[in-house]
Structures are given as structure tokens and as C-alpha cells.
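Here is a walk through one protein model, written for someone who wants to click along. Have the viewer open and follow the residue names as they come up.

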Amino acid sequence: MNESTLPLARRAALLGAAGAATLAALPGAAQANGVPPQRGPMPPRFHRLKVGDVEVTTLLDGAMQGTNANIQNFFPDSTPAEIAPLRERAFAIEAGLHQPVGAYLLNTGRNLALIDCGGHSSFIPTTGQTLAALRASGYTPEQVDTVLLTHIHPEHALGLSYDGTTRNFPNAEVVVTQIDHQFWTDPAMESRVPQGQRFIEAARRAIRPYPGRIRTVEMRQGLEVIPGVFLEPAPGHTPGHVSFRVTSQNQSILIWGDIAHQMVIQLARPRWRVGVDVDSAMGVESRVRTLTMLAEERILMGGVHVPWPGFGRIIRDGEGFLYVPRPAQFA
Ligand SMILES: [Zn+2]
């Protein structure tokens, strides 16, 4: 063993105090006890698989952490006694509701399309990594030709523009249902937004730099929004909230926006209303219909708040449903 292969602590001891100071100053140098320093924030993350001929890449935008006090407001039909065992089952005892935030990039061979595009740290400090994850995944924002929005909520749409002036996807067409577009832009609708002006301002900021580039579509079952990508209505969370079904070579994946924010509690109790829905009774119907369809078809699914890396399937479980994650696979 020569000097350079000695553990750092012993090297430091051999070098004396001045040498130890030099070692400590080097980036990534060990502390005096030989333990490397903690590495801090994680790099941008992505994961991908093929659905038929379509390459689907999940981009991790960040996460949102609700407080314990918020849970009852989030599920107004619940009681603390009902919530407790469900949280225990989810191993979510200490923390409030945790929601990852992601986006899905589709390379269909004809389009490079993004389903939702994450948020921004100005609105939720722990979001806004979609562009970095997109670049890390080997693409550039300039290459994205279509952004498909499930709805115009901040952590789904603010990735379009952070400042209300700059297009983060300068060459993209933005596709959104006519109903959702009107809901967020028509002053007559403002009183119906449960979250109030802050969400309204964020929605308008997101789409403002895309005049002439927004394609509003009818909220119609099976509408083909780009070749091979079909719309599935899911109104309630917002009036024009939709999912997207991607089909290729007899394989399909359904990607939802906010059919569920929490994959244990809400799938076990799909009929619990959600406090942040514009029409929570309609939201329940959309959730039950979507989960029933996925359990029957057994197809792959994803969703903006689905645990990383964002792919799984839905099965029935008693009166409710269960999310079965698809493990990350690399071959
Ligand atoms: Zn959401």
C-alpha cells in the first residue's frame, strides 16, 4: 500500500495539519474521519420504456408536500379514524400528503410531445425540474412540437413559461380542451376556481406567451389529438380535465393528470370527494370510471402524481383499487 492508497484520514494524519486542510479544501474530499461529505441535491431524473413503437420518458419535475392539517380538507368525506389505517398502510405516518410531480415525454416517431410540463419554483419551491430532466434525457425543449395539457393547474402547466413572456417550448403547439381553456381565461368563471386568484394568475401566465399556438379541442372520448394519442374525458377536478391514451402495436398506456393525487388513500376510497376539485361529485365519477377501465384492461398507466418512476397498473382490491408499480427495468 503506497501513500495514495491509504484511507484519507490516515493520509491526512501523515501529512499533518497543513496537509489535512489541503485535503479538506478539495471538492469532494473526505472529512477528517474519512466519511465523504453528503452530496446534496439529486441530479435531474428521467426513466423510459417503450409502448409499442412509442418511446415514453417520465421526467421528474419535483414533489409537493402537504401538511398533516391539510389531509382532512383534501378528503372532506373522510374521518381521522378512517384515514389513519390507510396512512399506516402507505407508511405515511409522520409526513403529510406527499405528491411527486412528473411529466411524460412521447417520441412517437412523428411527434415529440410532452404530456403536462411540470411547475415552477416561484409557485411551489420544490417543483420546476422538468426542463433539466428533459435535457438530461437527451432532448431539448426546442425539439418538443406539442404540449398536451391534462388541465391548466400550476404544477401541470407552469412549465410552459416561468415569466409569462418566454416560451420554454418555443416551437410547440399547446393542446388543451376548449372547456378548460375557457375556464381559466373567461373572467365569468373566476368565482368557480376553488383555489382563487393565485391559481388563475398562474394558469394565465403559463399560456400567455403562446398566442396562435394554442389548439383547443373538444372534450370527446377517443379524439385523436396527435397521431396515436387519444383523449379520455375526466371532468371534475377541473371542468376540462382529461387523460391521454397512447396506443401503438396493440399496446396502450393511459396517462392521467389528477385522477388521484395519492395512490393508496384515494384508490382504496375512490368515492371520497376531493376538496380541491371544481366539481367533486363529477370528479368521483371520473375517478371510478378511469380506475374501473384500467383494472379491466390491465394496461400500463402513468399519472402526474404517480410515484417515481411513474409507471404501473391498477387492480381491484375489495371495494376499491390498488396501484401496482412497475419496477424500473433497464433491459
Ligand atoms: Zn396536480
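What follows is a short tour, from the overall build to a metal site, some aromatic pairs and a few single residues.

## The big picture

First things first: this is a predicted model. The protein has 331 residues, and 52% of them count as buried. Its secondary structure comes to 9 helices and 14 strands, and the C-alpha atoms fill a box of roughly 75 × 50 × 45 Å along the principal axes.

How much of the contact map joins residues at least 24 apart? Taking contacts between residues at least 6 apart in sequence, the share is 65%. Several of the sites below give a feel for that kind of long-range link.

## The zinc site

Start with the zinc ion. E155 and H156 coordinate it through OE and NE2, D258 is listed twice through OD, and H305 comes in through NE2, with distances of 2.0 to 2.5 Å. Written along the chain, the donors follow the spacing E-H-x101-D-x46-H. The two histidines come from distant parts of the chain, 149 residues apart: H156 belongs to helix α5 (residues 154–157), while H305 is in the loop between β12 (300–303) and β13 (312–317).

Are these histidines buried or exposed? H156 has a relative accessible area of 0%, so it is buried. H305 is at 1% relative accessibility and therefore counts as buried too.

Next to this site in the contact list is Q99, which sits in strand β3 (residues 98–107). Leaving out residues up to four places away in sequence, Q99 touches A63, M64, F74, H261 and the zinc ligand H305. Q99 counts as buried because its relative accessibility is 8%, and the cut-off is under 20%.

## The β13–β14 hairpin

Past the H305 loop comes β13, which pairs with strand β14 (residues 320–325) in the antiparallel sense over 6 bridges. I314 stands opposite Y323 in β14, if you want a pair to check the register with. The hairpin has 2 residues between its strands, and G318 takes a positive phi near 60° there.

## Aromatic pairs

The model has 5 aromatic pairs. One of them is F75 with W272: the ring centres are 6.0 Å apart and the planes are at 40°, so this pair is tilted. F75 and W272 are 197 residues apart in sequence, with F75 in the loop between α2 (71–74) and α3 (80–89) and W272 in the loop between α8 (265–268) and α9 (280–297). F75 counts as buried, at 0% relative accessibility, and W272 is buried as well, with a relative accessible area of 9%.

The other pair worth zooming in on is F123 with F199. Here the centres are 5.4 Å apart and the planes are at 70°, so the pair is edge-to-face. F123 is in the loop between β4 (112–115) and α4 (130–136), whereas F199 is in helix α7 (residues 197–207), 76 residues apart. Both F123 and F199 are buried.

Going back to the first pair, F74 joins F75 and W272 in one aromatic cluster. That is the F74 that Q99 touches. Two arginines also lie over ring faces: R198 is over F123, at 3.8 Å from the ring centre, and R269 is over W272, at 6.0 Å from the ring centre.

## Helix α7 and what covers it

Which residues of α7 are buried? They are F199, I200, A202, A203, R205, A206 and I207. An α-helix has 3.6 residues a turn, so residues three or four places apart point the same way. Among the elements covering the buried residues of α7 are α5, α6 (178–185) and β7 (214–217). Remember that α5 also holds the zinc ligand H156.

## A buried glutamate

Finally, look at E232 in strand β9 (residues 229–233). E232 has a relative accessible area of 9%, so it is buried. Beyond residues up to four places away in sequence, E232 touches Q221, V242, S243, R245, L254 and M293.

What does the side chain of E232 make a polar contact with? The partner is the side chain of Q221, at 3.0 Å. For a sense of spacing, E232 and V246 are 14 residues apart in sequence and 11 Å apart in space, C-alpha to C-alpha.

Definitions and conventions. Residues are numbered from 1 along each chain as its sequence is written. This is a predicted model: local features need pLDDT of at least 70, side-chain atom pairs count only at pLDDT 80 or more; totals for chains, interfaces and linings use all residues. Side-chain values use heavy atoms; hydrogens and water are left out. Donors are N, O and S atoms within 2.8 Å of the metal (3.2 Å for Na, K and Ca); water is not among the atoms, so sites may look incomplete. Helices (H or I, at least four residues) and strands (E, at least two) are DSSP runs, numbered from the N terminus. Buried means under 20% relative accessible area, exposed over 50%, partly exposed in between (1.4 Å probe, protein chains only). Two strands pair if DSSP finds at least two bridges between them. Rings of Phe, Tyr and Trp (its six-membered ring) pair if their centres lie within 6.5 Å; planes under 30 degrees apart count as stacked, over 60 as edge-to-face and the rest as tilted. A charge sits over a ring if NZ of Lys or CZ of Arg is within 6 Å of the ring centre and within 35 degrees of the ring normal. Contact means heavy atoms within 4.5 Å. A polar contact is a pair of N or O atoms within 3.5 Å; within protein, one must be able to donate a hydrogen and the other to accept it, and residues adjacent in sequence count only if both atoms are side-chain atoms.
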